[in-house]
Amino acid sequence: MSELLGQALWESGFDSEVVRNGKDAIARAADCDLLVLDVMMPGMNGFEVARELRRNIVNKPILFLTARDSISDRVKGLDLGDDYLVKPFALEELLARVRALLRRSRNMQDVLEYADISLNRRDRVATRGEKPLSLSTTEFSVLEMFLLSPATVLPKSAILREIWNDDEARDDNIVEVYVSYVRNKLSVGGATRMIHTVRGVGYILESRES
């Protein structure tokens, strides 16, 4: 199952790594943005891994996977981690929960990064590589929204609602205009295009150099 989940996460745009026991999970946790922990792992179970990570102040989001569905186990999982998914589960639900946890985690960060793009939310500064980006207030908000959900398709309606607080009165052409502005500014000097159009749906911030 771990191999299948690792492959599914990879194919969904996440840089995933599979480890096979609790000791290895603790060793690799500092380099991860999120951990998906099976409760019944060899050596140390998922709850013990989470307890050890919290003891060492490693505050990465944790999603538990388990066949245990008692109230006491759910409470323990939510006290030690951030979400709890009972087997059997649908892959689509797992991916949705992963995305939600990453968004929640990113919302707490002052600096958002993806590939060579960096955005400092506190100082209102954005860069691509070594080059500063000159962004208007609205362009900054559009890039911020993409960086909160990288490698995820953002529908035009969601961008309109988030940036302009309106998904009915305004023409969604305004989304096309501002996404185009941000895309062009990210691509100055021949830099690789990072914002791509998903026809009939919206846009995605994704590195496609490979």
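Which strands does helix α6 (residues 137-148) lie across? Helix α6 lies across β4, β5, β6 and β7. The views below show a predicted model, where local features need pLDDT of at least 70, side-chain atom pairs count only at pLDDT 80 or more, and totals for chains, interfaces and linings use all residues. Residues are numbered from 1 along each chain as its sequence is written, and side-chain values use heavy atoms, with hydrogens and water left out.

**View 1. Helix α6 crosses an open sheet of 4 strands.** The strand order is β4-β5-β6-β7, and the pairing is antiparallel. Strands are DSSP runs of E with at least two residues, helices are runs of H or I with at least four, and both are numbered from the N terminus. Two strands pair if DSSP finds at least two bridges between them. β4 (111-114) and β7 (131-133) stand at the edges with a single partner strand each, so one side of each has no neighbour in the sheet. The twist averages 20° from one strand to the next. Helix α6 runs at about 115° to β5. Axes are lines fitted to C-alpha atoms, for helices over the stretch in contact (heavy atoms within 4.5 Å). Angles run from 0 to 180 degrees between N-to-C directions.

**View 2. Strands β5 and β6 form a hairpin.** β5 (residues 117-120) and β6 (residues 125-128) pair in the antiparallel sense over 4 bridges. Ile117 stands opposite Arg128 in β6. Ser118 stands opposite Thr127. The hairpin has 4 residues between the strands, and Arg124 takes a positive phi near 60°.

**View 3. β6 has two faces and a second hairpin, with β7.** Ala126 and Arg128 make up the covered face of β6; Val125 and Thr127 make up the uncovered one. In a regular strand the side chains alternate between the two faces of the sheet. β6 and β7 pair in the antiparallel sense over 3 bridges. Arg128 has Lys131 of β7 as its bridge partner. The hairpin has 2 residues between the strands, and Gly129 in the turn has a positive phi of about 65°.

**View 4. Helix α5 (residues 91-106) has a buried side.** Its 16 residues reach 23 Å from first C-alpha to last, close to the 22 Å expected at 1.5 Å a residue. That expected span is 1.5 Å times one less than the number of residues. Leu94, Leu95, Val98, Leu101, Leu102 and Arg106 are the buried residues of α5 (under 20% relative accessible area, 1.4 Å probe, protein chains only). They cover an arc of only 130° around the axis, which puts them on the same side of α5. The arc is that of the directions from the helix axis to the C-beta atoms. Their cover includes α1 (2-11), β1 (35-38), β2 (62-66), β3 (83-86), β4 and α6.

Methods
Buried means under 20% relative accessible area, exposed over 50%, partly exposed in between (1.4 Å probe, protein chains only).
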